[in-house]
Amino acid sequence: MAMNNMRKLKNILFVVTPETSSKIAFQRAMTLAENNQAHLTVIKVIDGMVGSIRLPIRQTSLLTLQEKLIVVSKQELEVLARSCNKKIKVDTKVLIGTTFIEIIREVLRGEYDWVIKVAEIDDERLGRNFRSDDMNLLRKCPCPVLLINSKQGSLFKRILAAVDVDDNYEPKELNTRHRLNVNILETASSIALSESSADLQIIHAWRAVGESFMEGGFVSSSDEDVAEYVEEVRQQHVKNMDSLVDEVRTKLGAEAIEYIKPTIHLLKGWPRTVIPDFVNHAKADLVVMGTVGRTGVPGFIMGNTAETILNHINCSVLAIKPEGFKTPVTLND
């Protein structure tokens, strides 16, 4: 399938991390930049030492150490830049400060389409996967964030797009979520088109509100009544999903959707439980999902359900913010 179906990226920010291998992630950033004829900026953030470290050492020595780290970091970035295809325009920057804050400030300055970095993983036995800088990016970065699992291969062979087609929201919120769903499916479809024989699966978790109440004997409902109610709810979610996919088919073209042949899964249960279970069982390479919070209000940064899901999946993630999201990070902090 021709690459002209790909959602065009104009400006990509790649973050080099000091403790993890960035080779596969950087290769993906280069490929995306080349395919989209996008500008690639490669950055590294180092801790600000002067004023933040209290050691029995002269401030001039700290300044000297920081200057040496900057020089070494610049050399590292220049080596990466020279390895890029000559067709790609590459800039490099060394930033000083708290990692996630400086990344977000760079996004605000440069109006980037995506941030790409290697996911930094905590011990899974602790019940969470992403370290604090990554979680803060997922919560607060205004543009999509692609966190790549360095243990995976260079291709996304199985892509899962998680959407929410529940229509039980206020009109304004429903409209925001709908546009986010369209963005998720367009993006996931475009990635699938760019990969070699990628498998795209669309997932949505649904519940029949009040089902347990009806089954618990508090109201006089027969098994048949409960089953009929649950089926009516399921059919409404099927209808909503079909409508969403039809809209994306119109936007991308029927040929593109027929080429991808996405499969659709409606998962019955709580999203925070059934989505991670499905993702991990399916051995997904990438999950594309939204991080819905309160749009337009700084500080309301990510929904609890999204955060729970992100902390219980073990693959690469592309997290997309809804339209109107405002980061609580500013250039003037």
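Contact here means heavy atoms within 4.5 Å. By this criterion, in the predicted model described below, Asn-149 touches Asn-314, Cys-315 and Ser-316, residues up to four places away in sequence being left out of the count. Asn-149 belongs to the loop that joins strand E5 (145–148) to strand E6 (158–162), and its side chain comes to 3.2 Å from the backbone oxygen of Asn-314. Because its relative accessibility is 14%, and a residue under 20% is classed as buried, Asn-149 counts as buried although it lies in a loop.

The protein as a whole comprises 10 helices and 10 strands, and buried residues account for 47% of its 333 residues. Among contacts with a separation of 6 or more, 79% are made by residues 24 or more positions apart.

Two helices and their surroundings can be described together. In helix H4 (residues 132–140), the buried positions are Asp-134, Met-135, Asn-136, Leu-137, Leu-138 and Lys-140, and the elements that cover them include helix H3 (99–110), strand E4 (114–118), E5, helix H10 (304–310) and strand E10 (316–320). In H3, in turn, Thr-99, Phe-100, Glu-102, Ile-103, Ile-104, Arg-105, Glu-106 and Val-107 are buried, and these residues pack against strand E1 (11–16), strand E2 (39–46), strand E3 (90–96), E4 and H4. The length of H3 is consistent with its residue count, because 12 residues at 1.5 Å a residue should span 16 Å, and the C-alpha atoms at its ends are 16 Å apart.

H3 is followed by Glu-111, which is located in the loop between H3 and E4. Most residues other than glycine have a negative phi; against this background, Glu-111 has a positive phi, near 50°. A positive phi is also found for Lys-283, near 55°, in the loop between H9 and E9. Both residues are classed as exposed, because the relative accessible area is 66% for Glu-111 and 67% for Lys-283, and the cut-off for this class is over 50%.

Strand E2, one of the elements against which the buried residues of H3 pack, contains Thr-41. With a relative accessibility of 2%, and therefore under the 20% limit, Thr-41 counts as buried. Its side chain makes a polar contact with the side chain of Tyr-112, at 3.4 Å. With residues up to four places away in sequence again excluded, Thr-41 touches Ile-12, Leu-13, Phe-14, Asp-91, Lys-93 and Tyr-112.

In soluble globular proteins, nonpolar side chains tend to be buried together. In the present model, the largest nonpolar core has 53 residues, and those with the most contacts inside it are Phe-14, Leu-40, Ile-116, Ile-159 and Val-288. Helix H5 (residues 171–194) gives the most to this core, contributing 8 residues. Apart from this core lies another, of 41 residues, which includes Ile-104, Leu-137, Phe-278 and Val-329; of these, Ile-104 is one of the buried residues of H3, and Leu-137 is one of those of H4. Within the 53-residue core, the surroundings of Ile-159 can be given in full: beyond four places in sequence, Ile-159 touches Ala-188, Ile-191, Ala-192, Glu-195, Ala-198, Asp-199, Leu-200, Gln-201, Leu-286 and Val-288.

The search for open and enclosed spaces gave the following results. The largest pocket has a volume of about 790 Å³, and of the 33 residues that line it, Asp-164, Tyr-169, Arg-177, Pro-271 and Thr-305 are the closest to its centre. At least two lining residues each are supplied by H5, strand E7 (199–206), helix H7 (223–252), helix H9 (271–281), strand E9 (286–290) and H10. As for enclosed spaces, the structure holds 2 cavities of 30 Å³ or more, and the largest cavity has a volume of about 50 Å³. This cavity is lined by 10 residues, among which Arg-28, Leu-32, Trp-114, Phe-156 and Ile-191 lie nearest its centre, and the elements that give two or more residues to its lining are helix H1 (23–36) and H5. H5 thus appears in the lining of the largest pocket and in that of the largest cavity.

Conventions: Residues are numbered from 1 along each chain as its sequence is written. This is a predicted model: local features need pLDDT of at least 70, side-chain atom pairs count only at pLDDT 80 or more; totals for chains, interfaces and linings use all residues. Side-chain values use heavy atoms; hydrogens and water are left out. Helices (H or I, at least four residues) and strands (E, at least two) are DSSP runs, numbered from the N terminus. Buried means under 20% relative accessible area, exposed over 50%, partly exposed in between (1.4 Å probe, protein chains only). A polar contact is a pair of N or O atoms within 3.5 Å; within protein, one must be able to donate a hydrogen and the other to accept it, and residues adjacent in sequence count only if both atoms are side-chain atoms. The expected span of a helix is 1.5 Å times one less than its number of residues. A nonpolar core is a set of buried Ala, Val, Leu, Ile, Met, Phe, Trp, Tyr and Cys residues joined through side-chain atoms within 4.5 Å. On a 1 Å grid over the protein atoms alone, a cavity is a set of points where a 1.4 Å probe fits but cannot get out, and a pocket is an open set with protein on both sides within 12 Å along at least five of seven lines; lining residues have an atom within 4 Å of a point. Grid points are joined across faces, edges and corners, and a volume is the space filled by probe spheres set on the points.
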